[in-house]
Amino acid sequence: MKRFLFVLNILIFSILFAEAQESDIVTEHRVYSCVEIDNPPKIDALIDDIWNSVEWAEEFTQVEPNPGEKENQETKVKLIYDNDALYVFAELIENEEIFEFLSERDDPGNADWFGIVIDAYNEGTNGLGFFVTPSGVQLDAKYVGQGEDFNWNAVWTSAVRVEDNKWTVEMKIPYAALRFPNQEEQEWGVHFWRNRRVNRELDSWNPVKPEIDGFLNQAGVLKGIKNVKTPLRLQFFPYITLGLDHFPNEKKFFKDLTPNFSVGMDVKYGINDAFTLDMTLIPDFSQVLSDDFVLNLSPFEVRFNENRQFFTEGTELFNKAGLFYSRRIGGTPVGFGNAYENLADNEIVSDNPSSNQLLNATKVSGRTPGGLGIGVFNAFEAGTDATILNTETEEERKVRTSPFTNYNIVVLDQDLSGNSSITMTNTNVTRFDDNFYNANVIGFNSRLNDQNNKYSFQTSLALSQKSGGEFDNPELGYKAGISLGKISGNFLYSFYYGLESDKYDPNDLGLLFSPNEKVYYADVAYNIYKPFWKVNNFYSSFFVAYERLFSPDKFSNFGMGFNLRTTTNKFLTMGTFFNIEPIETFDFFEPRTFDFETYYQYPVNFSWGAFISSNYSKPFALDVSWNFRWFDEPGRYALSVNVSPRFRPNSKLFIVPRVNFYRSINEVGYAGSFEEVSAGIPMGIRNIKTITPILEMDYVLNNAMIIKTRVRHNWTTTRYDRFGYLNDDGWLDFVSLENDQMNVRDVNFHAFTVDLVYRWIFAPGSEMTVVWKNSIVSSEFDLEDRYVRSFGDMIDSPFQKGLSVRILYFMDSAFFNKFKKSKGKSKV
């Protein structure tokens with residue numbers, strides 16, 4: 001604690017000195033007046049008479065690489081509106097080079113782009129963005145706070161024309177794609193953006209200063225839109241999926257081939273001008289990108305990315321308090337291990353589903369004119385059973401691994417002035433079976449900024465409860481946190497204190513790796529946002545952290561480190577970091593007792609790493625990073641190296657091969673049980689080697705059709721050298737074992753996945769997707785130290801293969817109106 005306080009005093013002195021040198025920052029808000037029209041323009045990127053009487057929004061300012069400087073190429077924008085939509089026309093002069101690379105929807109790739117971001121409630125915290133590239137690729141995004149979500153999709157129209165020294169964009173953004181208040185005259189926050197890849201330049205109409213926290217709060221103002229009403233926002237996305245899974249199996253009671261057929265629907269309904277309902281009925285996630293499986297030797301679970309669109313789009317409000325981990329829904333049954341308990345002789349587990357069937361999920365979210373955000377999420381899972389087979393009688397019995405379950409989240413988020421907010425979040429998991437427990441977590445968060453958005457004071461509080469099932473009495477836990485910091489300017493800092501009780505557990509619908517801790521943390525940063533010398537910017541930071549157990553109150557960790565990053569005027573980005581734990585620390589989790597009395601004494605260590613990333617706007621670019629960690633133990637170290645070249649041979653093809661290499665020598669870790677001895681917690685000295693090659697390739701046929709390929713192989717070998725038991729001082733007392741007893745713990749792990757995707761957007765909001773998958777995840781291989789030989793053994797093994805075709809069709813109220821009209825004409 002004394003070391004932490006000493007470093008903290010130095011930080012405070014530095015902060016006081018820097019504060020005296022820094023002046024306040026003023027934000028500018030330009031105004032544009034929109035003009036109403038009677039007849040809508042033809043969306044063809046040609047400027048016609050309708051546009052001639054409308055003034056330009058011009059004189060853009062650089063955000064990167066020279067913040068505050070005038071744009072290098074002229075950009076001009078016009079806006080008009082009618083009763084149905086907002087129309088945007090942009091003229092973008094380009095006397096150097098127009099980057100027209102094709103890419104997938106919602107991915108700008110290596111192309112120029114123009115966009116508009118609308119904050120219809122003019123609060124500076126929420127917005128919707130619409131972007132177009134010179135090749136006509138559309139991108140749309142939702143902004144909440146400082147988050148950017150390109151998983152949000154709307155249906156809108158755009159057109160692009162490219163000429164020798166300019167390109168033009170025309171957009172039609174229907175009001176059905178927006179949310180705005182029900183009032184006579186609108187006053188929206190608005191940003192016009194332009195990105196030029198030739199010199200990595202980002203321009204905005206309203207000046208955006210990088211030293212100010214946030215960009216929506218630095219928007220211009222759009223006035224003049226009067227007497228417009230939110231239309232009926234009702235959209236249907238019915239879909240059908242046909243699939244076939246194949247797994248070659250020689251076992252008598254297991255199927256090789258499994259056909260799949262599913263029909264479902266997504267629904268979006270605008271309840272009113274501010275609130276939207278999203279629902280998925282009988283969802284099918286068979287085409288979701290394969291997970292990045294790894295060999296997990298840690299005491300904590302692996303966190304997988306969320307790739308299911310329903311759970312990535314529009315969920316930022318539900319996770320504002322950090323209590324929502326969407327992979328819990330439709331995830332592994334809570335009683336998955338129950339199937340392997342109490343097996344009789346001649347019984348095997350013939351089927352044990354690794355995921356629950358999601359029946360439906362619903363989201364309702366929006367924000368009132370008073371700035372109150374309301375979110376309600378609800379999902380139902382079907383019950384899941386494992387099948388136990390008697391191999392002699394061929395009789396089957398069922399074991400329940402997860403009951404019918406309801407997941408629920410309620411969020412109330414009140415916006416305050418100065419980008420401040422107060423949030424209440426409640427998550428609940430109800431399992432409709434008395435043999436399984438229920439869980440609830442309620443959290444309160446606040447963020448209070450001063451009027452200049454320069455300082456921020458934040459608090460958090462959460463209470464978890466488990467009841468029923470195995471819990472005769474409710475189990476309660478809690479966490480709390482408080483932080484104070486400077487969030488705008490060249491000089492930044494923050495102080496944080498947080499604690500989690502030993503019983504705090506949000507993991508039924510959230511994700512927490514290590515509870516039972518108290519954390520003291522402070523950091524300071526100094527950033528230069530404008531070019532100087534031969535660099536465009538410079539970022540630096542230093543931190544110090546001190547940790548103790550909550551109960552019992554024991555020291556666990558102390559560390560500090562710094563981070564540096566810059567981008568040169570040739571757009572070569574590089575950075576380095578150095579972290580050190582200068583004293584011996586205590587790991588209470590690796591022994592796997594979770595009694596918080598037993599610990600492994602972690603040695604003094606430091607880690608140093610760096611990265612280099614070349615200019616992505618070039619046909620060839622290269623990313624290289626490395627991290628070396630040294631331990632104050634004989635021969636112990638860890639090294640990771642990542643190499644990732646990027647090829648763009650033409651405007652349609654994009655190839656990214658990458659290789660990740662990791663080597664850990666003389667690592668100390670939990671080693672399972674030794675049957676011949678029971679002297680304490682078994683630990684081992686092991687060497688780990690991991691090689692992960694990945695190939696990602698996109699071939700874009702046009703702005704509506706793409707072929708995507710992703711191949712990933714994770715190979716990890718773990719070879720144990722010595723074994724021992726933890727003594728009371730946290731060190732190992734080594735024991736001698738026979739070779740066969742040692743080798744049984746060695747592991748040769750392979751995770752190989754192939755995802756080949758063809759996607760065709762055949763109409764606005766409608767698409768057909770064909771997906772072929774090939775995978776194997778197994779550690780049942782003989783130990784082999786050479787990658788090529790081990791890869792050959794893996795390739796000869798049986799793979800899980802799958803082919804599926806999915807067709808999704810978009811229908812809204814306009815579709816049904818057209819259908820009614822055509823039906824009426826046919827009757828006449």
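Q: Through how many residues does a hairpin join β30 to β31?
A: This is a predicted model, in which local features need pLDDT of at least 70, side-chain atom pairs count only at pLDDT 80 or more, and totals for chains, interfaces and linings use all residues. Residues are numbered from 1 along each chain as its sequence is written, and side-chain values use heavy atoms, with hydrogens and water left out. Strands here are DSSP runs of E with at least two residues, numbered from the N terminus, and two of them pair if DSSP finds at least two bridges between them. The hairpin that joins β30 to β31 does so through six residues.

Q: Which residue in β31 stands opposite Tyr539?
A: Strand β31, residues 555-568, runs antiparallel to β30, and 13 bridges join the two. Within β31, the residue opposite Tyr539 is Arg565.

Q: Which residue in the turn between β29 and β30 has a positive phi?
A: Strand β29 (residues 517-528) pairs with strand β30 (residues 535-548) in the antiparallel sense over 11 bridges, and Ala525 has its bridge partner in β30 at Ser541. The two strands form a hairpin with six residues between them, and the turn residue with a positive phi, of about 50 degrees, is Trp533.

Q: Why is one side of β18 and of β22 left without a neighbour in the sheet?
A: The open sheet consists of three strands in the order β18-β21-β22, with antiparallel pairing. Because β18 (347-351) and β22 (396-402) stand at the edges, one side of each has no neighbour in the sheet, and what each has is a single partner strand.

Q: Which residue in β22 is the bridge partner of Ile388?
A: Strand β21, residues 384-390, is joined to β22 by six bridges, and the two run antiparallel. In β22, the bridge partner of Ile388 is Arg397.

Q: Which strand gives the most to the largest nonpolar core?
A: A nonpolar core is a set of buried Ala, Val, Leu, Ile, Met, Phe, Trp, Tyr and Cys residues joined through side-chain atoms within 4.5 Å, where buried means under 20% relative accessible area with a 1.4 Å probe, protein chains only. The largest such core has 47 residues, of which Ile116 and Phe130 touch the most other members. Strands β4 (75-81), β5 (85-93), β6 (113-119), β7 (126-132), β11 (166-174) and β12 (188-196) each supply at least two residues of this core. With seven residues, the strand that gives the most is β5.

How values were computed:
Buried means under 20% relative accessible area, exposed over 50%, partly exposed in between (1.4 Å probe, protein chains only). Helices (H or I, at least four residues) and strands (E, at least two) are DSSP runs, numbered from the N terminus.
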